[in-house]
Amino acid sequence: MGTPIATTDPGDRPLGPPARTSLGRRRPVLGFLGRRLAAGVATLLVASMLIFVMTEVLPGDVASVVLGRSATPESVKALEGKLALDRSVPERYLDWLGGLLTGDLGDSAVALAQGAEDPSVASRIGEPMRNSAILAGIAFVLFVPLALGLGVVSGVKAGRPLDYVLSLTALAVNALPEFVIATFLIIIFFNWLDLFPPVVGFGPGESPLAHTDSLVLPVLTLLAAAIATGLRMVRAGIVEVMRHDYVAMAELNGFSRRRVIWRYVVRNSMAPSVVVIAQVAAYLVAGIIITENVFNYPGIGRLLVDAVKNRDVSLVEDVAMILATVYVLVNIVADLIVVFLIPKLRTSQT
């Protein structure tokens, strides 16, 4: 049988012009990184303005709401002074933005009203952030192999019964909001099977990893929607790559079906898959808010909802900015991975 022609294996050679020097290859990537970082900073600046304005338009006087029935004219005025509410809106925005840049997140209005020994926002978000990171981390680690594996199987079996089952199931699950998925899981695993608790079973200071049974349903809720999205997108990438001529040429040149799939098809669909993974990671930032509140999970999402209810403006602003920053960073990292996965992008002005 003849020797395979070079075009049957695009993954073994650069797809662009002849290789440049090491410095020449790095410059486009560094330029791309600089532009993405600048765009990320601009995005976060706009997000900070929107977050600040949205907290300003919340109904009710912050100091009066936080103090509740114990509010007096004197106590309200004192709390407004501590929160700098007696200053103009532009001054307060610039002061808050400057604090973010220097690592000073300010004080919690509720903590100040309660006379807490340490009213800083930083002291109140550490444990919830750790809990959310554990929950999202477990879901993400499980998502990557499951979404990629099921997506590859569905794409390779496109048009066959297994593909229809996987695709229709993913489409149905993807149409359901997180709280509906969570409700179904509670009915199945708690009401019917009595296997896992419907709410978390650990308190302040405890690690979620010491109560793994409490993590099962929240993780499954996040996984269900994430895998449904990831499977469909990975499948689309696999189907698109399998239509290329070099895949058929590789099979004609004697390569086994398994080798063609894993060496050529999966390899050349990795860039779109990375984008999908990044999108799902960004989704976890938003989906975790609903999931944590359904299962009473003491994470950053539940903390944010409680802060909105209590008009704890500093806490709302800081948590929202943390989530926005995570979202932007995840997308920047994903873009960089795609650039390094596709040789053509490393040798062009991206």
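Two residues are in contact here when heavy atoms of theirs lie within 4.5 Å. I start with that because my first entry counts contacts.

**Entry 1, contacts along the chain.** I took the contacts between residues at least 6 apart in sequence and looked up how many span a long stretch. Of these, 73% join residues at least 24 apart.

**Entry 2, what kind of model.** This is a predicted model, so I checked the confidence next. The mean pLDDT comes to 81, and 89% of the residues reach 70 or more. Which element has the lowest mean pLDDT, and which the highest? Helix α15, residues 343–346, is at the bottom with 59, while helix α8, residues 178–192, is at the top with 92.

I also looked at the start of the chain. Over residues 1–24 pLDDT stays under 50. For that stretch the model has 35 contacts beyond four places in sequence.

**Entry 3, the overall picture.** I noted 15 helices and zero strands. The protein has 350 residues, and 39% of them are buried. About 18,300 Å² is exposed, and carbon and sulfur atoms supply 66% of that area.

**Entry 4, a pair of helices.** I picked helix α6 (residues 122–156) and helix α9 (residues 212–242). Their axes come within 6 Å and cross at roughly 35°. The crossing of α6 past α9 is right-handed. What sorts of residues make up the contact of α6 with α9? I found 23 nonpolar, four polar and one charged.

**Entry 5, Gly 137.** Staying with α6, I looked up Gly 137, which is found in that helix. Is Gly 137 buried or partly exposed? Its relative accessible area is 28%, so Gly 137 counts as partly exposed; the cut-off for buried is under 20%, and exposed starts over 50%. I then checked Gly 137 against Ala 281. The two are 144 residues apart in sequence, yet in space they are 9.3 Å apart, C-alpha to C-alpha.

**Entry 6, Thr 291.** My last stop was helix α12, residues 270–294, where Thr 291 is found. Why does Thr 291 count as buried? Its relative accessible area is 1%, and anything under 20% is buried. Which residues does Thr 291 touch, leaving aside neighbours within four places in sequence? I listed Glu 178, Pro 218, Thr 221 and Leu 222 as its contacts.

Conventions: Residues are numbered from 1 along each chain as its sequence is written. This is a predicted model: local features need pLDDT of at least 70, side-chain atom pairs count only at pLDDT 80 or more; totals for chains, interfaces and linings use all residues. Side-chain values use heavy atoms; hydrogens and water are left out. Helices (H or I, at least four residues) and strands (E, at least two) are DSSP runs, numbered from the N terminus. Buried means under 20% relative accessible area, exposed over 50%, partly exposed in between (1.4 Å probe, protein chains only). Accessible areas come from the Shrake-Rupley method with a 1.4 Å probe; for residues, only the protein chains shown count as cover. pLDDT is the predictor's confidence in each residue, from 0 to 100. Axes are lines fitted to C-alpha atoms, for helices over the stretch in contact, and angles run from 0 to 180 degrees between N-to-C directions. A crossing is left-handed if the near helix is turned anticlockwise from the far one by less than a right angle, and right-handed if clockwise. Ala, Val, Leu, Ile, Met, Phe, Trp, Tyr, Cys and Pro count as nonpolar, Asp, Glu, Lys and Arg as charged, and the others, Gly among them, as polar.
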